[in-house]
Amino acid sequence: MIYLQLFFSFLQIGLFSFGGGYAAMPLIQDQVVSLHHWLSMKEFTDLITISQMTPGPIAINSATFVGIKIAGIPGAVAATFGCILPSCIIVTVIARLYLKYRNMAVLQSVLSSLRPAVVALIASAGISILISAFWPDGPISLATINWRLVLLFFFCLFFLLKRKANPILVMVFSGVLYAAVSLIWT
């Protein structure tokens, strides 16, 4: 039964996550944290971090991780297959239709109308992760904010946007810097 739950949960994620991995994060969070309680919000944040550091799409990495945690290797297979099945079917159908009707104005307007929704999904996921990172231990207030993480966030943002630094190096350096600061500033 758990294999079917994993399959159908990630089938829904695969079916409705237009816009890629970042747009899928709110859907994954809803299924995994809110609906089934397979992960806590902290575990979900860790899942997103791990998914970013491993090769492959976030949704597939998440499906594999949750499947293994909940039901071992068969659970990972069920969740991952559920996640990729809609994409395989949809991309095959859309590719054929797009090649046939790519010059139609209606199709172009539908595609352009999806862009704001995708941006909203990505922003929603980013804000959720930002809140759970800055306020890991309680309610949102200035008294409970983790200032070390806020400073680290702006440090990383500066290097990524202004210095065009390599994201992998920024992640490694931020991990080392946070560990060093945590040893000194306790």
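**Exercise 1. Methionine 104 and its surroundings**

Work out whether methionine 104 is buried, partly exposed or exposed in this predicted model, and find the surface feature that includes this residue.

*Solution.* Start with the number: methionine 104 has a relative accessibility of 40%. The buried class ends at 20% and the exposed class begins over 50%, so methionine 104 counts as partly exposed. Next, place the residue: methionine 104 sits in the loop between α4 and α5. Now look around on the surface. Met104 belongs to a nonpolar patch together with Ile89, Val93, Ile94, Leu97, Tyr98, Leu99, Tyr101, Val106, Val110, Leu111 and Leu114. Taken together, the patch has about 1100 Å² of accessible area. Two elements, α4 (58–101) and α5 (105–134), each give two or more residues to the patch. The top contributor is α4, with seven residues.

**Exercise 2. Two aromatic pairs**

Classify the ring pair of phenylalanine 7 and phenylalanine 81, then do the same for phenylalanine 134 and phenylalanine 153.

*Solution.* What do you need to describe a pair of aromatic rings? You need the distance of the centres and the angle of the planes. The model has eight aromatic pairs in total. For phenylalanine 7 and phenylalanine 81, the centres are 6.0 Å apart and the planes make an angle of 25°. Stacked requires planes under 30 degrees apart, and this pair is stacked. Phenylalanine 7 is in helix α1 (residues 2–16) and phenylalanine 81 in helix α4, so the pair ties together parts 74 residues apart in sequence. As for cover, phenylalanine 7 is buried at 18% relative accessible area, while phenylalanine 81 is partly exposed at 45%.

Now the second pair. The ring centres of phenylalanine 134 and phenylalanine 153 are 5.5 Å apart with planes at 80°, so this one is edge-to-face. Here phenylalanine 134 comes from helix α5 and phenylalanine 153 from helix α6 (residues 147–161), and the two are 19 residues apart. Phenylalanine 134 is buried, at 8% relative accessible area; phenylalanine 153 is partly exposed, at 29%. One last step: these two rings also belong to a single aromatic cluster, made up of Phe134, Trp135, Phe153 and Phe154.

**Exercise 3. Salt bridges**

How many salt bridges are there, and which helices hold the partners of aspartate 46–lysine 42 and lysine 69–glutamate 43?

*Solution.* The count is two salt bridges. Take aspartate 46 and lysine 42 to begin with: their closest N and O atoms are 3.3 Å apart, inside the 4 Å cut-off. Both residues lie in helix α3, four residues apart, or about one turn of the helix. Aspartate 46 is partly exposed at 34%, whereas lysine 42 is exposed at 58%.

Then there's lysine 69 with glutamate 43, at 3.8 Å from N to O. This bridge links distant parts of the chain, with lysine 69 in helix α4 and glutamate 43 in helix α3, 26 residues apart. Lysine 69 is partly exposed at 41%, and glutamate 43 is partly exposed too, at 31%.

**Exercise 4. Proline 57**

Where does proline 57 lie, and what separates its C-alpha atom from that of glycine 20?

*Solution.* Proline 57 is in the loop between α3 (41–53) and α4. With 47% relative accessibility, proline 57 counts as partly exposed. Its C-alpha atom is 7.9 Å from that of glycine 20, although the two residues are 37 residues apart along the chain.

Methods
Residues numbered from 1 in each chain as written. Predicted model: local features only at pLDDT ≥ 70, side-chain atom pairs only at ≥ 80, totals over all residues. Heavy atoms only, no water. Patch = residues over 30% accessible without salt bridge, like charges linked within 9 Å, V, L, I, M, F, W, Y side chains within 5 Å. Areas by Shrake-Rupley, 256 points an atom, 1.4 Å probe, with all protein chains shown as cover. Salt bridge = Lys/Arg side-chain N within 4 Å of Asp/Glu carboxyl O. Buried < 20%, exposed > 50% of the residue type's maximum accessible area, 1.4 Å probe, protein only. Phe/Tyr/Trp six-rings, centres within 6.5 Å; stacked < 30°, edge-to-face > 60°.
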